[in-house]
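Student: Please give me a close look at one part, the loops, residue by residue. Start with how burial is judged, then set the loops in their fold.

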Amino acid sequence: MKKLFAINGSPRRNGNTAQLLQAAMRGAEAAGAETELIHLYPLHFKGCISCFACKLKDREHGICAIKDELSPILTQLKEADAIIFGSPIYFMNLSACMVAFLERFLFSNYLYTVENSSVFPKTMPSAFFYTMNATEEQARQFHLEDKLAMYDMGSENILKVKPCRLMAYNTVQFKDYSKYEASMFSEADKKAYREANWPQLCEKAHTIGKSLIESAVDL
Ligand SMILES: Cc1cc2nc3c(=O)[nH]c(=O)nc-3n(C[C@H](O)[C@H](O)[C@H](O)COP(=O)(O)O)c2cc1C
């Protein structure tokens, strides 16, 4: 049976990012796969420490030398058939936890060689899901696209397929905006936007989950 891993780079277990990942998991399950949702924030781990053990000539490649709570996940991902990376946008970047995860996952499977720089054992379809307060227009003004393109490139280089992407703009952050200092947002506008757009986003996430599994290569 094929397996899809969904990686939640939000500290909120049931937030916007997790909800879209769960929709994608249902899509993958509809295509006959099993799925697993991994929440990064409860795990004790750091980003790459630049030890370069993964690139030593006399060592097995594709293994991160740091031993911590991320280690078993990195091993499990080699058995995956598809993976979705989900992250909220923090300071117009991925969350720190997702960046740390990607450093460990992608860099440990990368060699500084002229050819065949990826040592990841298979071609693996993937997707990035991003959720953010910004509207599409604001994301464009802040050149978010350029930043995210770097993660697409890094992931395509290692997993050997261009990842697909789902963007959720103008998300609802609080249940009750009146409890917070948040006058820059209109709760009514946010909720109306969500009502109009969220079902289609979940539908898209579902389709992505299903199609990642359908395109996963049988080894
Ligand atoms: C520390 C922090 C920084 C944030 N920075 C941004 C930002 O730069 N741009 C943006 O559009 N939203 C920003 N947000 C809002 C979140 O990206 C947005 O609410 C997201 O949908 C939260 O996802 P979640 O519900 O899965 O946690 C930030 C939120 C936090 C907590």
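Tutor: Relative accessible area sorts residues into three classes: buried is under 20%, exposed is over 50%, and partly exposed lies in between, with a 1.4 Å probe and protein chains only. By that scale, Glu 79 is exposed, at 60% relative accessibility. Its place is the loop between H2 and S3. Glu 79 and Phe 5 stand 74 residues apart in the sequence, yet their C-alpha atoms are 9.8 Å apart in space.

A word on the model. It is predicted, so local features need a pLDDT of at least 70, side-chain atom pairs count only at pLDDT 80 or more, and totals for chains, interfaces and linings use all residues. Numbering starts from 1 along each chain as its sequence is written, and side-chain values use heavy atoms, with hydrogens and water left out.

Now the frame that holds the loops. The protein has six helices and six strands. These are DSSP runs numbered from the N terminus: H or I of at least four residues for a helix, E of at least two for a strand. Their order along the sequence is β-α-β-α-β-β-α-β-α-α-β-α. The radius of gyration is 18 Å, close to the 17 Å that the globule rule gives for 219 residues, so the protein is as compact as a globular protein of that length. That radius is taken over C-alpha atoms, and the rule is 2.2 Å times the number of residues to the power 0.38. Along the principal axes, the C-alpha trace spans about 60 × 35 × 30 Å.

Burial and contacts fill in the frame. Buried residues are 48% of the 219. A contact means heavy atoms within 4.5 Å. Take the contacts between residues at least 6 apart in sequence: 77% of them join residues at least 24 apart.

Back to the loops, with Asn 109. This residue sits between helix H3 (96-107) and strand S5 (126-131). Asn 109 is a loop residue, but it is buried, at 2% relative accessibility. Leave out residues up to four places away in sequence, and Asn 109 touches Gly 62, Lys 78, Ser 117, Ser 118, Val 119, Phe 120 and Ile 158. Pro 121 is twelve residues from Asn 109 in sequence, and 8.9 Å from it in space, C-alpha to C-alpha.

Strand S5 comes after that loop. Ser 126 belongs to S5. Ser 126 is buried, at 1% relative accessibility. Its contacts, again without residues up to four places away, are Ile 83, Phe 85, Ser 155, Leu 159, Pro 163, Cys 164 and Leu 212.

Next, Phe 52. Its loop runs between strand S2 (34-39) and helix H2 (71-77). Phe 52 is partly exposed, at 34% relative accessibility. Phi of Phe 52 is near 65°, a positive value in a residue other than glycine. Most residues other than glycine have a negative phi.

Met 92 also has a positive phi, near 55°. This residue occupies the loop between strand S3 (82-90) and strand S4 (93-94). Met 92 touches Ala 134, Phe 142, Leu 144 and Lys 147, with residues up to four places away not counted. Gln 138 is 46 residues from Met 92 in sequence, while their C-alpha atoms are 10 Å apart.

For a strand view, take Leu 37, found in S2. Leu 37 touches Ala 6, Asn 8, Leu 21, Gln 22 and Met 25, not counting residues up to four places away. Ala 18 is 19 residues from Leu 37 in sequence and 8.6 Å from it in space, C-alpha to C-alpha.

Now the cysteines. The structure holds zero disulfides, a disulfide being a pair of cysteine sulfur atoms within 2.5 Å. For Cys 48, the closest cysteine sulfur is that of Cys 51, 6.6 Å away and too far for a bond. Cys 48 is partly exposed, with a relative accessible area of 34%. For Cys 164, a contact of Ser 126, the closest cysteine sulfur is in Cys 202, at 16 Å, again too far for a bond. Cys 164 is partly exposed as well, at 29%.

Last, the charges. The protein has 25 positive and 25 negative side chains, and the centres of the two sets lie 3 Å apart. Lys and Arg count as positive, Asp and Glu as negative; His and the chain ends are not counted. Each charge is placed at NZ of Lys, CZ of Arg, CG of Asp or CD of Glu.
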